[in-house]
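Q: Could you teach me how to read a protein structure, one feature after another?
A: Gladly; let us look at it together.

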Amino acid sequence: GIKTAIAGKQWYQRRVRGDTHFLHSSHTKQATLPNQTKPSSTSKEPTHNPTQSRQRNILKMTLGSLVRDIMIKRVYTCSPATKLDQCLRLMVTNAIHRLPIVDENGKLQGIISERDLRLACDSPFMDENNEVRLKHLSEHPASSIMKSSPITIEENDKILDVAKIMRVSEIGGVPVVNQTGLVVGIVSRSDLLDYLIRILEPVPPPS
């Protein structure tokens, strides 16, 4: 009838304009061939995670590194009889913050820190004069303020263990001794930080 004729005319006009999208139904399903298989949604290719690999490498380096890899081998020392003003000059000249005190055989007897010297010359009964302070320090030996039986480590100890010791004990440096008690090095907080920087930000190889 009339509706059929109108529908046929509209179909013809769309076909002449090239508008053929109406021929495809939105409900039409794509046929699957008998031998065609759809990819499984559960199978995944193994992916490389650079972050996890880097973390594993950092952990491996940290757990395997030893004190001898980072310790300062050139150690400035004093004897128990060395005057405190000489200890201070030695620290200032070499930009160090602690001095192991050793006997004539090189065995560790104690340690003096920069803070120990500062406290030794900081007295309310003294004038604010450097000459007076140096004179006061020159009258006392290192044995008068040194910490006896300080915490020590050995060169074959793990760096991680040393970091824990320094953190728990709240100290800034630890002398390194061998099995006979001779001082063979020293590790400071700065050495640990430098080592951490080398791990987290390694220098790229030369191109």
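Q: Where should I begin, and how much accessible surface does the protein chain have?
A: The protein chain has an accessible surface of about 15700 Å², and carbon and sulfur atoms account for 54% of that; such areas come from the Shrake-Rupley method with a 1.4 Å probe, and for residues only the protein chains shown count as cover. Keep in mind that this is a predicted model, in which local features need pLDDT of at least 70, side-chain atom pairs count only at pLDDT 80 or more, and totals for chains, interfaces and linings use all residues. Residues are numbered from 1 along each chain as its sequence is written, and side-chain values use heavy atoms, with hydrogens and water left out.

Q: How many helices and strands does the protein chain have?
A: There are seven helices and five strands in the protein chain, where helices (H or I, at least four residues) and strands (E, at least two) are DSSP runs numbered from the N terminus. Along the sequence they follow the pattern α-α-α-β-β-α-α-β-α-β-β-α.

Q: How do I describe the packing of α3 and α5?
A: Two packed helices are described by the angle between their axes and the distance between the axes. Here helix α3 (residues 84-94) packs against helix α5 (residues 130-138) at an angle of about 115°, and their axes are 6 Å apart; the axes are lines fitted to C-alpha atoms, for helices over the stretch in contact, and angles run from 0 to 180 degrees between N-to-C directions. On the α3 side L84, D85, L88 and R89 meet L134, L137 and S138 of α5, where contact means heavy atoms within 4.5 Å.

Q: Which strands form the open sheet, and in what order?
A: The open sheet has three strands in the order β1-β2-β3, with antiparallel pairing, and two strands pair if DSSP finds at least two bridges between them. Because β1 (98-102) and β3 stand at the edges with a single partner strand each, one side of each is left without a neighbour in the sheet. Strand β2 (residues 108-113) runs antiparallel to β1 and is joined to β1 by five bridges, with V102 standing opposite L108 of β2.

Q: What joins β4 to β5, and is β5 largely enclosed or open?
A: Strand β4 (residues 173-177) and β5 run antiparallel and are joined by five bridges, with G173 opposite S188 in β5. Five of the six residues of β5 (residues 183-188) are buried, so this strand is largely enclosed by the rest of the structure; buried means under 20% relative accessible area, exposed over 50%, and partly exposed in between (1.4 Å probe, protein chains only).

Q: Which residues other than glycine have a positive phi?
A: Most residues other than glycine have a negative phi, and most peptide bonds are trans. Among the cases with a positive value are S149, whose phi is near 50°, and E170, with a phi of about 55°. S149 is found in the loop between β3 and α6 and is exposed, with a relative accessible area of 69%, while E170 is found in the loop between α6 and β4 and is exposed at 67%.

Q: How many disulfides does a search of the whole structure find?
A: A disulfide is a covalent bond between the sulfur atoms of two cysteines. A search of the whole structure finds zero disulfides, counted as pairs of cysteine sulfur atoms within 2.5 Å. For C78 the nearest cysteine sulfur, that of C87, is 3.8 Å away.
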